[in-house]
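Student: Can we go through the labels on this one? I'd like to see the reasoning behind each.

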Amino acid sequence: MKNKNDVNLINEISVIIPCFNEQGGISAVIEDLKSILKQSSLKYEIVVVDDGSTDQTGDIARKAGATVIEHGVNRGYGAAIKSGVRLAKYDYICITDGDGTYPPKVIPNLVVAISDGADMSVGSRTGNKVKIPLIRRPAKFMITKIAESIAGVSIPDLNSGLRVFKRTHVNMFLGILPNGFSFTTTITLALLTNGFRIDYLPIDYETRVGDSKIRPISDTLNFVTLILRMALYFAPLKFFIPASFICILVAIAWALISRFALGQLADVTSTILVVLGIQIAVVGLLAEMINKRLPSSRQD
């Protein structure tokens with residue numbers, strides 16, 4: 001791995017900070033970013049997207065030297081990132097949060113990972129000091145395991161809010177990237193299931209400044225729904241083939257039970273289930289063929 005000061009391929013970066021009522025932490029985040037980025041010799045801009053805040057987030061960010069994009073109403077985390085990406089000056093994008101949880105000192109190393117060939121680099125919250133609330137950990141674990149089964153690879157941190165990527169990767173999947181917190185989950189799965197390379201760098205994760213915007217129950221349900229949608233969109237066979245096998249196995253089981261326990265073969269029910277299983281498998285195969293013909297897959 002190169003030294004972080006030897007970034008040759010990337011020398012410009014736009015740092016986008018989506019914010020909603022982050023007046024308590026945004027000034028310190030911007031000052032830390034400016035200090036780190038100046039030392040790295042990267043040409044940079046800091047863009048704060050004030051997503052309908054009702055406090056002084058936008059004014060404080062502007063006074064701290066950031067470019068501020070304002071949403072008249074709260075449109076969501078993903079919508080804020082999209083606005084920042086759309087108006088950013090540079091092709092390479094870094095996203096981070098305005099609550100002081102992510103360490104800006106690792107951003108040059110994330111840039112180096114992109115220079116070394118990664119399509120996206122992610123600050124993985126697996127360092128020595130990680131303060132993720134206990135109430136969020138079970139859902140995070142389950143969602144990650146589901147996502148790993150879809151992608152077929154290990155995912156150290158599915159929805160970290162600190163990452164570096166190229167603008168074209170957002171534009172490539174813009175039609176399916178949501179406006180809510182699941183933006184990072186979606187772009188992770190979108191890239192992994194289309195053959196892109198994601199590198200993970202372990203980072204510490206501090207206690208946030210201010211109140212969390214996460215709603216544990218509703219956001220967890222939204223995440224699970226999103227991952228199921230991603231399975232249908234990016235890895236249809238991993239959804240349809242197991243469902244097909246289940247139908248056929250139930251048909252066989254019911255035929256055996258009806259024959260030996262009830263003394264009469266339930267041929268109609270079993271036949272319907274077998275046909276249903278075959279139809280599900282055929283739909284899965286067709287979905288996989290369509291998926292492979294989409295232009296979003298990486299062409300090396």
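Tutor: Sure, and keep in mind that this is a predicted model. Let's begin with Phe 240, which has 17% relative accessibility and counts as buried.

Student: What makes Phe 240 count as buried at 17%?

Tutor: The label buried needs a relative accessible area under 20%. Phe 240 comes in at 17%, so it counts as buried.

Student: And why is Phe 239 called partly exposed?

Tutor: Its relative accessible area is 37%. Partly exposed covers the span between 20% and 50%, so Phe 239 gets that label.

Student: What makes the pair of Phe 239 and Phe 240 edge-to-face?

Tutor: A pair of aromatic rings is described by two values, the distance of the centres and the angle of the planes. For Phe 239 and Phe 240 the centres are 5.4 Å apart and the planes stand at 90°. Centres within 6.5 Å make a pair, and planes over 60 degrees apart make it edge-to-face, so both conditions are met here.

Student: How many aromatic pairs does the rule give?

Tutor: The count is four aromatic pairs. One of them is Phe 173 with Phe 196, at 6.5 Å centre to centre with 80° between the planes, again edge-to-face.

Student: What makes that pair a link between distant parts of the chain?

Tutor: Phe 173 sits in the loop between H6 and helix H7 (183-192), while Phe 196 sits in the loop between H7 and strand S7 (198-202), and the two are 23 residues apart.

Student: Are Phe 173 and Phe 196 buried or exposed?

Tutor: Phe 173 is at 3% relative accessibility and Phe 196 at 8%. The cut-off for buried is under 20%, so Phe 173 is buried and so is Phe 196.

Student: How do you know that Arg 125 lies over the face of Tyr 205?

Tutor: The distance from Arg 125 to the ring centre of Tyr 205 is 5.1 Å, and the distance limit is 6 Å. The rule also asks for a position within 35 degrees of the ring normal, and Arg 125 is classed as lying over the face.

Student: What is the phi of Asn 21, and what makes it worth a look?

Tutor: Asn 21 has phi near 55°, a positive value in a residue other than glycine. Most residues other than glycine have a negative phi. Asn 21 lies in the loop between strand S1 (12-19) and helix H1 (26-40). With a relative accessible area of 24%, Asn 21 is partly exposed.

Student: Where does Ser 41 lie, and why is it called exposed?

Tutor: Ser 41 is in the loop between H1 and strand S2 (43-51), and its phi, near 70°, is positive too. Exposed means over 50%, and Ser 41 is at 64%, so the label follows.

Student: Which residues make the nonpolar surface patch?

Tutor: Phe 245, Leu 249, Ile 252, Leu 256 and Phe 260 make a patch of about 580 Å². Take Ile 252, which lies in helix H9 (residues 237-260). Patch members need over 30% relative accessible area, and Ile 252 has 46%, so it clears that bar while counting as partly exposed.

Student: How much of the chain is buried?

Tutor: Buried residues make up 48% of the 300 residues. The chain's secondary structure comes to 10 helices and seven strands.

Terms used: Residues numbered from 1 in each chain as written. Predicted model: local features only at pLDDT ≥ 70, side-chain atom pairs only at ≥ 80, totals over all residues. Heavy atoms only, no water. Patch = residues over 30% accessible without salt bridge, like charges linked within 9 Å, V, L, I, M, F, W, Y side chains within 5 Å. Areas by Shrake-Rupley, 256 points an atom, 1.4 Å probe, with all protein chains shown as cover. Salt bridge = Lys/Arg side-chain N within 4 Å of Asp/Glu carboxyl O. Helix = DSSP H or I, 4+ residues; strand = E, 2+ residues; numbered from the N terminus. Buried < 20%, exposed > 50% of the residue type's maximum accessible area, 1.4 Å probe, protein only. Phe/Tyr/Trp six-rings, centres within 6.5 Å; stacked < 30°, edge-to-face > 60°.
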